[in-house]
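Work through the exercises below with the sequence and the structure open beside you. Try each task before you read its solution.

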Amino acid sequence: MTGQDGVLHSIHVILPYHLRALAQVGAEVTLEVAGPVTVRRVLDTLEARYPMLRGTIRDHVTQQRRPFLRFFACEQDLSHDSPDAPLPETVAAGVEPLLIIGAIAGG
Amino acid sequence: MSKVRVLVGTHKGAFILTSDGKRKQWEVNGPLFAGWEMYHLKGSPVDPDRLYASQTSGWFGQTIQRSNDGGTTWTPVGNKFTYEGVPGTHQWYDGTPHPWEFKRVWHLEPSLTDPDVVYAGVEDAALFRSANGGTTWEELAGLRCHGTGPNWQPGAGGMCLHTIILDPSNPDRMYIAISAAGAFRTDDGGKNWKPINKGLVSPFMPNPTAEVGHCVHHVAMHRSRPDVLFMQKHWDVMRSDDAGESWQEVSGNLPTDFGFAIDVHAHEPETLYVVPIKSDSEHFPLEGKLRVYRSRTGGNEWEPLTKGLPQENCYVNVLRDAMSVDSLDECGIYFGTTGGQVYASADAGDTWAPIVCDLPAVFSVEVQTLA
């Protein structure tokens with residue numbers, strides 16, 4: 001499956017521990033995302049389903065990724081890619097998850 | 001029988017401590033929101049089971065939680081704090097202009113009359129109001145935009161609006177305080193504001209008596225006398241008898257007048273409490289002795305309260321929102337430390353005992369007296 005326009009894709013997203021607790025979900029959530037599958041569309045869908053996550057991954061207004069979070073998939077760091085860039089085909093196909101990772105930092 | 005509920009915000013979660021009116025046996029619930037920084041929790045005076053909590057994180061930003069059942073269950077509500085208009089700039093530590101950026105909510109102040117109305121004091125300093133139980137927030141931009149905002153600059157802890165006091169006799173009057181800008185008052189429900197810092201002296205400033213720039217740490221008021229305010233400034237304990245129009249120093253015989261917390265006895269409006277801290281460079285009690293100081297004369301004459309508090313090797317701090325009082329017949333006083341202790345006195349400060357000893361660093365303590 002490719003991330004075609006208008007086609008619904010089952011996307012697996014793995015959330016960091018604290019956001020799972022906030023949204024009261026398990027480690028992985030599955031979302032139906034209309035293609036093309038991009039970080040922006042995944043997050044739009046995630047926030048629509050779990051409104052309490054708005055503002056926790058990206059800024060409410062600027063939509064910028066929060067500095068201590070990263071987006072990984074298929075052993076790649078996608079954090080600096082455009083949020084409108086297509087995600088890897090295996091993510092769009094639901095084979096590989098999109099991982100939202102909190103920085104390993106703090107005390 | 002009366003009950004007391006103590007809401008404790010810490011560096012790594014929130015805790016709710018409950019006791020009957022004797023305040024001897026305590027039940028400790030928590031951590032709630034484990035791992036998050038809980039800057040402040042506070043209950044509505046008109047509906048004590050309506051609680052608001054500021055939950056924040058360097059990773060995930062700001063969340064506001066609301067409870068309708070006294071803290072048993074919680075719901076995340078609105079967390080969108082957007083400055084009105086073009087935010088503009090304030091001064092950075094080096095004096096250069098720096099854009100206003102929302103970072104976190106330091107203090108939540110529920111309305112005295114409506115449980116759905118709540119105010120939020122935020123960093124970078126601004127005041128927000130919600131009229132729907134925290135679902136949405138609107139800035140009261142008259143504060144930030146009244147004219148002195150471009151001259152405000154952050155204290156060491158950030159440029160935070162940390163104190164919100166609602167006048168019980170006048171719904172249009174409100175006081176707030178900002179580090180390091182000073183104290184401000186509105187007399188029209190938040191539309192217009194003015195600095196109320198006359199009499200404050202801050203030698204670290206180019207003009208020590210400037211209209212703004214003072215590092216006010218906390219302000220307290222007794223609800224029976226809303227024109228009388230007590231302030232713990234960076235250095236100096238101050239009082240105002242004219243709603244902040246002028247201030248006089250009442251540090252008196254305090255061994256050091258640096259500190260953060262200040263509060264007023266629930267039934268004696270001239271009885272004050274502070275926790276003197278050694279200095280702005282050494283944020284711990286003098287000589288390793290944790291002493292609350294009480295004045296029964298509205299300041300100037302202070303007595304140390306030590307019974308039950310550690311009198312050796314104590315090097316904790318007591319932060320600005322970490323002291324509170326209950327309103328039982330014999331007033332209870334409570335404070336939390338950066339060492340994770342929450343101390344309580346059921347006899348107006350004469351004797352103290354820890355409720356808990358090993359929490360994460362305590363940011364805030366608020367007490368509810370329940371029928």
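**Exercise 1. Describe how strands E5 and E6 of chain B are connected and paired, and decide how E5(B) is placed in the structure.**

Start with the connection: in this predicted model, E5(B) and E6(B) make a hairpin, and three residues lie between the two strands. Next, look at the pairing of this hairpin, where E5(B) and E6(B) run antiparallel and are joined by seven bridges. As an example of the register, find B:Ala53, whose bridge partner in E6(B) is B:Gln65.

Then turn to strand E4 (residues 37-43) of chain B, which pairs with E5(B) over six bridges, again in the antiparallel sense. Here B:Gly43 has B:Leu51 in E5(B) as its bridge partner.

Finally, consider burial, for which the cut-off is 20 or more other C-beta atoms within 10 Å. Seven of the seven residues of strand E5 (residues 51-57) of chain B are buried, so this strand is largely enclosed by the rest of the structure. Both faces of E5(B) are covered, with B:Leu51, B:Ala53, B:Gln55 and B:Ser57 buried on one side and B:Tyr52, B:Ser54 and B:Thr56 buried on the other.

**Exercise 2. Work out which strand of chain B gives the most residues to the side that touches chain A.**

Begin with the contact itself, in which 13 residues of chain B meet 14 residues of chain A. On the chain B side, strand E6 (residues 61-67) gives the most, with three residues. Now sort the residues of that side by type: four are nonpolar, eight are polar and one is charged.

**Exercise 3. Find the order of the strands in the open sheet of chain A, and place helix H2 against them.**

First list the elements: chain A has three helices and five strands, and along the sequence they follow the pattern β-α-β-α-β-β-α-β. The radius of gyration of chain A is 13 Å, close to the 13 Å given by the globule rule for 107 residues, so the chain is as compact as a globular protein of that length.

Second, read across the open sheet of five strands, where the order is E2-E1-E5-E3-E4 and the pairing is mixed. The edges are strand E2 (28-34) and strand E4 (76-77) of chain A, each of which pairs on one side only. Within chain A, strand E1 (residues 8-14) and strand E5 (residues 98-102) run parallel and are joined by two bridges, and A:Ile14 has A:Leu99 in E5(A) as its bridge partner.

Third, place the helix: helix H2 (residues 39-49) of chain A lies across E1, E2, strand E3 (69-73) and E5 of chain A, and runs at about 115° to E2(A).

**Exercise 4. Decide whether B:Thr186 is buried or exposed, and list the residues it touches.**

Locate B:Thr186 first, in strand E16 (residues 182-186) of chain B. Counting around this residue gives 21 other C-beta atoms within 10 Å, and because the cut-off is 20 or more, B:Thr186 is buried. Leaving out residues up to four places away in sequence, B:Thr186 touches B:Arg173, B:Met174, B:Lys191, B:Asn192 and B:Trp193. As a last step, take the distance from B:Thr186 to B:Glu312: these residues are 126 apart in sequence and, C-alpha to C-alpha, 44 Å apart in space.

How values were computed: Residues are numbered from 1 along each chain as its sequence is written. Chains are lettered from A and ligands numbered from 1 in the order in which they are written. This is a predicted model: local features need pLDDT of at least 70, side-chain atom pairs count only at pLDDT 80 or more; totals for chains, interfaces and linings use all residues. Helices (H or I, at least four residues) and strands (E, at least two) are DSSP runs, numbered from the N terminus. A residue is buried if 20 or more other C-beta atoms lie within 10 Å of its own, exposed if 12 or fewer, and partly exposed in between; C-beta atoms are placed from the backbone. Two residues are in contact if their C-beta atoms, placed from the backbone, lie within 7 Å. Ala, Val, Leu, Ile, Met, Phe, Trp, Tyr, Cys and Pro count as nonpolar, Asp, Glu, Lys and Arg as charged, and the others, Gly among them, as polar. Two strands pair if DSSP finds at least two bridges between them. Axes are lines fitted to C-alpha atoms, for helices over the stretch in contact, and angles run from 0 to 180 degrees between N-to-C directions. The radius of gyration is taken over C-alpha atoms; the globule rule is 2.2 Å times the number of residues to the power 0.38.
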